[in-house]
Amino acid sequence: DYVAAVQNPRQAFADAGLKTTRSKLTALGLPVCASGNFATVFRMQVPGGQEFAVRCFTRPVVADQQQRYAALSSHFAAAKLQSLVSFEYLGRGIQVNGKWLPVVKMEWLRGKGFYRAVEDRLGDKSKLEALAGKFRSAVAELRQHQIAHADLQHGNMIEVGGAIKLVDYDGCWVPPLTGKPSGESGHPNYQHPERISRGYYAENADSFSALVIYLSLMALRADPGLWVTFSNGDNLIFVANDFKNP
């Protein structure tokens, strides 16, 4: 239904900026999209101009989704972090079968997915170490401004102009969300088992996944062969069972 809707943007979108866009198409003439746990993201282009990522929810993240996104937007705007991308939560976002549904609108990032960024640096110790340093800086920036992404993993990171950008803010934590339940528990190949089982959600929710990613990068720096042995396209070198049976 979303695929059908985005092919008629003037009717599908209430936002004036999105009404003028066109969906980026595949070789088969279908809208370019990527689906995750909670949403499908479409790449919409203003002819000859700006591109947007339009995140359409396939199921609700939490009951108070709009309020949570409002808290995130306010906190992000005040922090002005290089690793985060500004966004708009549009309650009257996209019309599907006569019903208005919410979307998140943000700048489309032209860059390289983190998995590919790591793969391209295998065998070059200095470049892998530099990438690890950029990741560490992004995480430190979040902690400095009391933000937890809460789903740090290769699929939510993009290398843009040499910097690490984080996307997918469904599960992010900021101080106004203290005491509220988490919208998600994160990718199991990056999360502590107890976070998944207990729904741990607080300022330091990124600590374990950040260590998993940083250790993976430094291990690959020492031994690139680990990639061939352990990477399966949905991890770096660790999987959930490694954390359950260390």
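This report walks through two pockets and two helix contacts in a predicted model.

## The largest pocket

Let's start with the largest pocket, which encloses about 710 Å³ of space. Its lining is made up of 29 residues, and those nearest the centre are Val41, Arg55, Gly155, Asn156 and Asp168. Sorted by class, the lining of this pocket holds 13 nonpolar, nine polar and seven charged residues.

Several strands take part here. At least two lining residues come from each of strand 2 (33–35), strand 3 (39–45), strand 4 (51–57) and strand 6 (99–107). Strand 3 gives the most to the lining, with four residues.

## Helix 5 against helix 6

Next, have a look at helix 5 (residues 114–121) and helix 6 (residues 125–144), whose axes come within 9 Å and cross at roughly 150 degrees. An angle over 145 degrees counts as roughly antiparallel, and helix 5 and helix 6 are therefore roughly antiparallel to each other. Their crossing is left-handed.

On the helix 5 side, the contact is made by Phe114, Ala117, Val118 and Arg121, while helix 6 brings Lys127, Leu128, Leu131 and Lys134. Five of the residues in this contact are nonpolar and three are charged, with no polar ones.

## Helix 6 against helix 8

Helix 6 also packs against a second partner, helix 8: the axes of helix 6 and helix 8 come within 8 Å and cross at roughly 170 degrees. Helix 6 and helix 8 are therefore roughly antiparallel to each other as well.

From helix 6, the residues in this contact are Lys125, Leu128, Glu129, Leu131, Ala132, Phe135, Arg136, Val139 and Arg143; they meet Ser207, Ala210, Ile213, Tyr214, Leu217, Met218, Leu220 and Arg221 of helix 8. The contact has eleven nonpolar, one polar and five charged residues. If you are following along in the structure, Leu128 and Leu131 of helix 6 are worth finding: they take part in the contact with helix 5 and in the contact with helix 8.

## The second largest pocket

The second largest pocket has a volume of about 150 Å³. Phe135, Arg136, Val139, Arg143, Asp206, Ser207, Ala210, Leu211 and Tyr214 form its lining. Helix 6 and helix 8 (207–222) are the elements that give two or more residues to that lining. By class, the lining divides into five nonpolar, one polar and three charged residues.

This brings us back to the helix 6 and helix 8 pair. Phe135, Arg136, Val139 and Arg143 of helix 6, along with Ser207, Ala210 and Tyr214 of helix 8, belong to the contact between those helices and are also among the residues lining the second largest pocket.

Notes. Residues are numbered from 1 along each chain as its sequence is written. This is a predicted model: local features need pLDDT of at least 70, side-chain atom pairs count only at pLDDT 80 or more; totals for chains, interfaces and linings use all residues. Side-chain values use heavy atoms; hydrogens and water are left out. Axes are lines fitted to C-alpha atoms, for helices over the stretch in contact, and angles run from 0 to 180 degrees between N-to-C directions. Angles under 35 degrees count as roughly parallel, over 145 as roughly antiparallel, 65 to 115 as roughly perpendicular and the rest as oblique. A crossing is left-handed if the near helix is turned anticlockwise from the far one by less than a right angle, and right-handed if clockwise. Contact means heavy atoms within 4.5 Å. Ala, Val, Leu, Ile, Met, Phe, Trp, Tyr, Cys and Pro count as nonpolar, Asp, Glu, Lys and Arg as charged, and the others, Gly among them, as polar. On a 1 Å grid over the protein atoms alone, a cavity is a set of points where a 1.4 Å probe fits but cannot get out, and a pocket is an open set with protein on both sides within 12 Å along at least five of seven lines; lining residues have an atom within 4 Å of a point. Grid points are joined across faces, edges and corners, and a volume is the space filled by probe spheres set on the points.
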